[in-house]
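Please load the model and set the display to cartoon, with side chains available on demand. The tour below proceeds by selection, one region at a time.

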Amino acid sequence: MLARLQFSSGTLTLTEAGTKRRASLHLVQGEEQLRRHDPGGLDVLASSLAQFTARLRSENHTLKRALTDPRLFSGIGNAYSDEILHAARLSPLLLTSRIDDTAVARLFAAAQEQLQLWTERLRREMGGGFPEKVTAFRKDMAVHGRFRQPCPVCGTPVQRIRYADNETNYCARCQTGGRLLADRALSRLLKQDWPKDIDAFDREG
């Protein structure tokens, strides 16, 4: 627990699930001051395909980075971006400048579907109560946090890319046409021995 504020109508408790200790509490007055803290991300569940498309293509990033950028999209984050990209059958490293209209529509549908699905699941689990344990790793996710476990669609072992403090999980067969995306640490270590596709990965163990 980081802070507890007592009001006549109840108590507000501030906790932080992560280990980075980046949580902060700001006291502001008025809507204008409050808006200054809004990064401006689009609410996918309240947006149209046209709005989603315009926001996605407003900057040239990988799909993974675009979906997790709070200035572009609100409330997606690392875990749900993995689930969205898997459902849309798209590579996390595909650039937003190279995605065609058909794939954008698929991504939009997957984003709305996954966000609604997980919102409903978490609400049912909580039963109206306060979550005692907050985690981004859940056993019923398709790929996030499931490195080397079978993809629920095709059975291929889930792969990962590690960078900074995060990791991206994906299915090579469902999302990248069988191509393995280079993990910075492992590909540097293995160099020319780094397998380029999932079939080579399966043969080499």
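The model is predicted. Begin by selecting R89, which lies just after helix α4 and takes a positive phi of about 60°.

Next, extend the selection back to α4 itself, residues 77-88. This helix has twelve residues and reaches 16 Å from its first C-alpha to its last, close to the 16 Å expected at 1.5 Å a residue. Show the side chains of A79, S81, D82, E83, I84, L85, H86 and A88, which are buried. To see what surrounds these buried residues, add α3 (63-68), α5 (101-126), β4 (166-170) and α6 (172-175), against which they pack.

Keep α3, α4 and β4 displayed and add β3 (159-163): each of these four elements supplies at least two residues to the lining of the second largest pocket. The volume of this pocket is about 410 Å³. To centre the view, select T62, K64, R65, Y163 and T168, the closest to the pocket centre of the 15 residues that line it. Which element gives the most to this lining? The answer is α3, with three residues. Colouring the lining by residue class shows five nonpolar, six polar and four charged residues.

Finally, move to strands β1 (residues 3-7) and β2 (residues 10-14), which run antiparallel and are joined by five bridges. The two strands form a hairpin, with two residues between them. Select F7 together with G10, its bridge partner in β2.

Notes:
Residues are numbered from 1 along each chain as its sequence is written. This is a predicted model: local features need pLDDT of at least 70, side-chain atom pairs count only at pLDDT 80 or more; totals for chains, interfaces and linings use all residues. Side-chain values use heavy atoms; hydrogens and water are left out. The expected span of a helix is 1.5 Å times one less than its number of residues. Buried means under 20% relative accessible area, exposed over 50%, partly exposed in between (1.4 Å probe, protein chains only). Contact means heavy atoms within 4.5 Å. Two strands pair if DSSP finds at least two bridges between them. On a 1 Å grid over the protein atoms alone, a cavity is a set of points where a 1.4 Å probe fits but cannot get out, and a pocket is an open set with protein on both sides within 12 Å along at least five of seven lines; lining residues have an atom within 4 Å of a point. Grid points are joined across faces, edges and corners, and a volume is the space filled by probe spheres set on the points. Ala, Val, Leu, Ile, Met, Phe, Trp, Tyr, Cys and Pro count as nonpolar, Asp, Glu, Lys and Arg as charged, and the others, Gly among them, as polar.
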